[in-house]
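Thanks for coming, everyone. Let me put the structure up, and then I'll walk you through a few parts of it.

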Amino acid sequence: MRYRVVMRLVALVACMALPACTQAPKVHFFAEGQPATLDEWGVLRIDDGHLRLNEGVVPYDLNTPLFSDYAHKLRTVWMPAGTSATYQAEQSFDFPVGTILSKTFYYPLPAGQVRDGKSVARTPPSQSPLEGEALDLAKVRLIETRLLVHRADGWVALPYVWNDAQTAATLKRTGELVPLELVDAEGGREAADYQVPDQNQCGGCHITDNKSRKLLPIGPKARHMNRDFDYADGRENQLAHLVRIGYLAGVPASPPRLADAMDAQAPLDARARAYLDVNCGHCHSATGPAITSGLWLDAHTQDRLKLGFCKQPIAAGKGTGNRRYDIVPGHAADSIFDYRLDSDDPAIMMPELGRSVVHREGVALIRAWIDAQAGSCDTAGTGSESPPAT
């Protein structure tokens, strides 16, 4: 709290020293209603050809982000003055009423190509063009900004879609389809029908408790956010930064941390489990909507059968590809996991929402992980054998 007060005084003094000083817009929390434009919330602003954060809006990132057709994401959190989130070891932090979480989906533009409204670069999140907590709009294509707003009666999801001029984003409650072409480093192209979800579809991921059926944040968990970030005033661990500015309380000395799934230097098992946790674990868990599948892929599940090893699907239908087990250790090609991750058929693919193309690097990771496993499945087809861990 003291830090925030000091920084505001410094900014005020600096502002007064200028002949014509204008302050950035303030964040406005709406306790009810659905504002028609993103600008009304005051979380982000367009300034000097850049997308910038307003006062008190703090950026953050995840060790392993959820895959969304290769989109990059600018994530932010804002909380009312004098409030803070409370640390929770496994679940998302307990944010106070009034919190606004934002996630802006965007793509870098292909190098050396003129903006054509359709072509975007296929690049990993590690190659983020974010500089000084801002995005140069001449170098990116903004798609949408999703807000997750904590009101007195729970969280509300609001999807805002950016116009072609990248000057404003308007509420699209029914979602929108944005046709794109992903361009890789060699110039290869792949069509991607980017789907902005409607408000009901937001619940497909954010309803992580099958009993309460309430929307909850997914990304801001200790294990995902325990990493460094390049803030405008220097690099710092995100959890430490949130504590220092008064946005987070109760953090232990050694909070958990998941691996970066795309870090080739990290252990294969840690990378695969991190990938499954963030992409699948919010649904496939002991409390998630897919609890009845018996397949739990969150980071805390250790039971090999629940993780899919030699487990026969309960109801996958066409999604099995005539394979008998979710995971056949040592044989990714015989595993349902590989079949569904490597598909873009809506009747087959997993995850079911949030993508229209195959995550090539993700498939390669899970394939390598399965191929590295030891053990064998029960040839009688009972699926009762749980192979030893490697």
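Start with two strands. S1 and strand S2 (residues 50–53) run antiparallel, joined by four bridges. Strands here are DSSP runs of E with at least two residues, helices are runs of H or I with at least four, and both are numbered from the N terminus. Within this pair, aspartate 47 sits opposite histidine 50 in S2.

A word on the source. This is a predicted model: local features need pLDDT of at least 70, side-chain atom pairs count only at pLDDT 80 or more, and totals for chains, interfaces and linings use all residues. Residues are numbered from 1 along each chain as its sequence is written, and side-chain values use heavy atoms, with hydrogens and water left out.

Back to the sheet. Three strands make an open sheet, in the order S1-S2-S8, with antiparallel pairing. Strand S1 (44–47) and strand S8 (135–136) are at the edges with a single partner strand each, so one side of each has no neighbour in the sheet. Pairing takes at least two DSSP bridges between two strands.

Next, serine 92. Where is serine 92 found? In the loop between strand S5 (85–86) and strand S6 (100–108). Serine 92 counts as buried because its relative accessibility is 7%; buried means under 20% relative accessible area, with a 1.4 Å probe and protein chains only. A polar atom of the serine 92 side chain lies 2.7 Å from the backbone oxygen of proline 217. Setting aside neighbours within four places in sequence, serine 92 contacts Pro217, Ile218, Pro220 and Lys221. Contact means heavy atoms within 4.5 Å.

Now the cavities. A cavity is a set of points on a 1 Å grid over the protein atoms alone, where a 1.4 Å probe fits but cannot get out; lining residues have an atom within 4 Å of a point. How many cavities of 30 Å³ or more are there? Two.

The largest holds about 90 Å³ of space. Its lining includes Phe67, Tyr275, Asn279, Cys280, Arg355 and His359. Helix H5 (residues 268–280) gives the most to that lining, with three residues. By class, the lining has eight nonpolar, two polar and one charged residues.

The second largest has a volume of about 50 Å³. Among its lining residues are Tyr60, Phe93, Phe95, Pro220 and Leu248. This lining has 11 nonpolar, no polar and no charged residues. Pro220, then, appears twice: in this lining, and in contact with serine 92.

Methods
1 Å grid on protein atoms, 1.4 Å probe; cavity = no way out; pocket = protein on both sides within 12 Å on 5 of 7 lines; lining within 4 Å. Points joined across faces, edges and corners; volume = space filled by probe spheres on them. Nonpolar A, V, L, I, M, F, W, Y, C, P; charged D, E, K, R; others polar. Buried < 20%, exposed > 50% of the residue type's maximum accessible area, 1.4 Å probe, protein only. Polar contact = N/O pair within 3.5 Å; in protein donor to acceptor, adjacent residues only side chain to side chain.
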